[in-house]
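Please look through the structure below before reading my notes. The points follow one helix outward to its neighbours, then turn to the cores.

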Amino acid sequence: MKKKTVLDIMEMYESGKKITMLTAYDYVMASILDEAETDMLLVGDTMGMVVYGQKTTLQVTLEDSIRHTQAVARGAKSAMVIGDLPFGTFQVSREEAIKNSVKLMQLGLAEAIKLEGGSERISAIEGILNAGIPVMGHLGLTPQSFHKFGGFKVQGRSEETAKKLVEEARALEEAGIFSLVLEAIPWEVAKEITESISIPTIGIGAGPYCSGQVLVTYDMLGYFDFKAKFVKRYANLKDQILSAIQEYNKEVRNKSFPDLSYSYEMPK
Ligand code: KIV
C-alpha cells in the first residue's frame with residue numbers, strides 16, 4: 001500500500017477531495033484507522049487527557065509524544081503520520097523547536113509535525129521547514145493556551161478576533177505550512193480562512209467548509225462520557241465494553257468461564 005505524503009494531501013486539496021484525519025496514540029488503533037483508509041493520523045497531545053487522564057494537554061512531554069508516535073507509525077501503512085509538538089518544546093527558542101522536531105521525526109518516526117500558534121511561531125516554523133520537516137499549523141482553540149483562554153473556549157467570535165485569525169492563517173501559509181488545523185471557531189470564520197488561503201484547512205468544531213476534518217478518535221467512538229457539541233458519535237464503545245466486561249466478571253464469578261472448550265488437555 002502506498003504511503004501518503006504531503007504531495008498526496010495537496011493533490012486531494014487541489015482536486016476538491018475532502019481530507020480525513022483522526023487522532024491515534026497506539027499501534028492497534030492506528031492499524032484500524034489505516035485499514036479504514038484515513039488520510040492522516042495525528043498523534044495529538046490530547047493523549048494527555050484520553051490516555052493519561054490529565055486535565056489538560058500541558059503535561060505531555062516530548063518523550064510521551066515520541067513513544068506514542070513510534071507506535072502509531074508502526075501501524076500506519078498508508079496514512080501519513082503527524083507528530084504533535086508538546087507544550088514547552090517549541091516556545092522557548094527556534095533552536096529548541098528545530099531540535100525537538102528532528103527528534104519527533106528521527107525517534108518518533110513522524111512524517112510531519114504539528115504545532116500550535118500564529119505569527120509568534122513563524123521563526124520556529126521557518127527553522128523547522130529548513131530542516132526538511134513539513135509543518136501543520138493549528139489556530140483557534142489551541143489547547144496548550146488553556147490557561148490564557150481561561151478554559152476550553154470557542155475562539156474568533158468577535159469581529160476583531162475573527163479578523164486576527166484570518167491574518168494569522170495567511171501568515172502561517174506564507175511561512176510555508178502544508179496544512180492548518182482550525183479548532184472550535186465559528187463556521188463563518190473557518191470558511192473565510194479556507195477561502196483566503198491556498199493550503200488545506202482541517203477543521204475540528206469549525207463547520208463543514210474546511211478542506212478536511214479531524215476528530216479525537218476516542219470521542220467519535222464514544223469511548224468517553226464527555227461529548228463536545230461538535231463531536232458526532234459514530235459508535236458507543238464505552239457501552240459495549242462495559243457490558244462485555246460485566247459479562248466476563250459474571251461468568252468468572254459463576255464459574256461458567258472458562259469451560260473445557262477454552263482449556264488445554266494433556267496429550268493422549
Ligand atoms: O492534540 C490533538 O489531538 C489535536 C486535535 C484535537 C486537533 O490537536
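**Notes on helix packing and cores**

1. Start with a helix pair. Four residues of α6, namely Ile122, Ile125, Glu126 and Leu129, meet Ala171, Leu172 and Ala175 of α8. Sorted by class, this contact of α6 with α8 has six nonpolar residues, one charged residue and no polar ones. Keep in mind that the model is predicted.

2. Now the geometry of that pair. The axes of α6 and α8 come within 9 Å and cross at roughly 25 degrees. Angles under 35 degrees count as roughly parallel, so α6 is roughly parallel to α8. The crossing of α6 past α8 is right-handed.

3. Which residues of α6 are buried? The helix spans residues 122-130, and Ile122, Ala124, Ile125, Gly127 and Ile128 are buried in it. Their cover includes two helices, α5 (94-106) and α8 (159-175), and two strands, β4 (112-114) and β5 (135-140). Just after α6 comes Gly132, with a positive phi of about 85 degrees.

4. Next, take α5 as a partner of α6. Their axes are 8 Å apart, and the two helices pack at an angle of about 40 degrees. α5 and α6 are therefore oblique to each other. Here too there is a right-handed crossing, with α5 passing α6. On the α5 side, the contact is made by Arg94, Ala97, Ile98 and Ser101. On the α6 side, it is made by Ser123, Ala124, Glu126, Gly127, Ile128 and Asn130. The contact of α5 with α6 has four nonpolar, four polar and two charged residues.

5. Glu126 deserves a second look. Glu126 of α6 is in the contact with α8, and Glu126 is also in the contact with α5.

6. Move on to α8 and α9. Helix α9 covers residues 187-196, and its axis comes within 10 Å of the α8 axis, crossing at roughly 30 degrees. That angle makes α8 roughly parallel to α9. α8 passes α9 in a right-handed crossing. From α8, the residues that meet α9 are Ala162, Leu165, Val166, Ala169, Arg170 and Glu173. Their partners in α9 are Val189, Glu192, Ile193 and Ser196. By class, the contact of α8 with α9 holds six nonpolar residues, one polar and three charged.

7. Is Glu167 buried, exposed or partly exposed? Glu167 lies in helix α8. Its relative accessible area is 41%. Buried would need under 20% and exposed over 50%, so Glu167 is partly exposed. In sequence, Glu167 is 29 residues from Ser196, while their C-alpha atoms are 9.4 Å apart in space.

8. Last, the cores. The largest nonpolar core has 37 residues, and Met21, Met40, Leu41, Ile82 and Phe178 touch the most other members. Strand β2 (residues 40-43) supplies the largest share of this core, four residues. Another core lies apart from it, with 33 residues, including Leu115, Leu165, Leu180 and Cys210. One of these, Leu165, is also among the α8 residues that meet α9.

9. What does Phe178 touch, leaving out residues up to four places away in sequence? Among its contacts are Val6, Ile9, Met40, Met80, Ile82 and Ala112. The list also includes Pro134, Val135, Met136, Ile199 and Pro200. Met40 and Ile82 appear in point 8 as well, alongside Phe178, as residues that touch the most other members of the largest core.

Key: Residues numbered from 1 in each chain as written. Predicted model: local features only at pLDDT ≥ 70, side-chain atom pairs only at ≥ 80, totals over all residues. Heavy atoms only, no water. Buried < 20%, exposed > 50% of the residue type's maximum accessible area, 1.4 Å probe, protein only. Contact = heavy atoms within 4.5 Å. Core = buried A, V, L, I, M, F, W, Y, C linked by side-chain atoms within 4.5 Å. Axes fitted to C-alpha atoms, helices over the stretch in contact; angles between N-to-C directions. Parallel < 35°, antiparallel > 145°, perpendicular 65-115°, else oblique. Left-handed = near helix turned anticlockwise from the far one by under 90°. Nonpolar A, V, L, I, M, F, W, Y, C, P; charged D, E, K, R; others polar.
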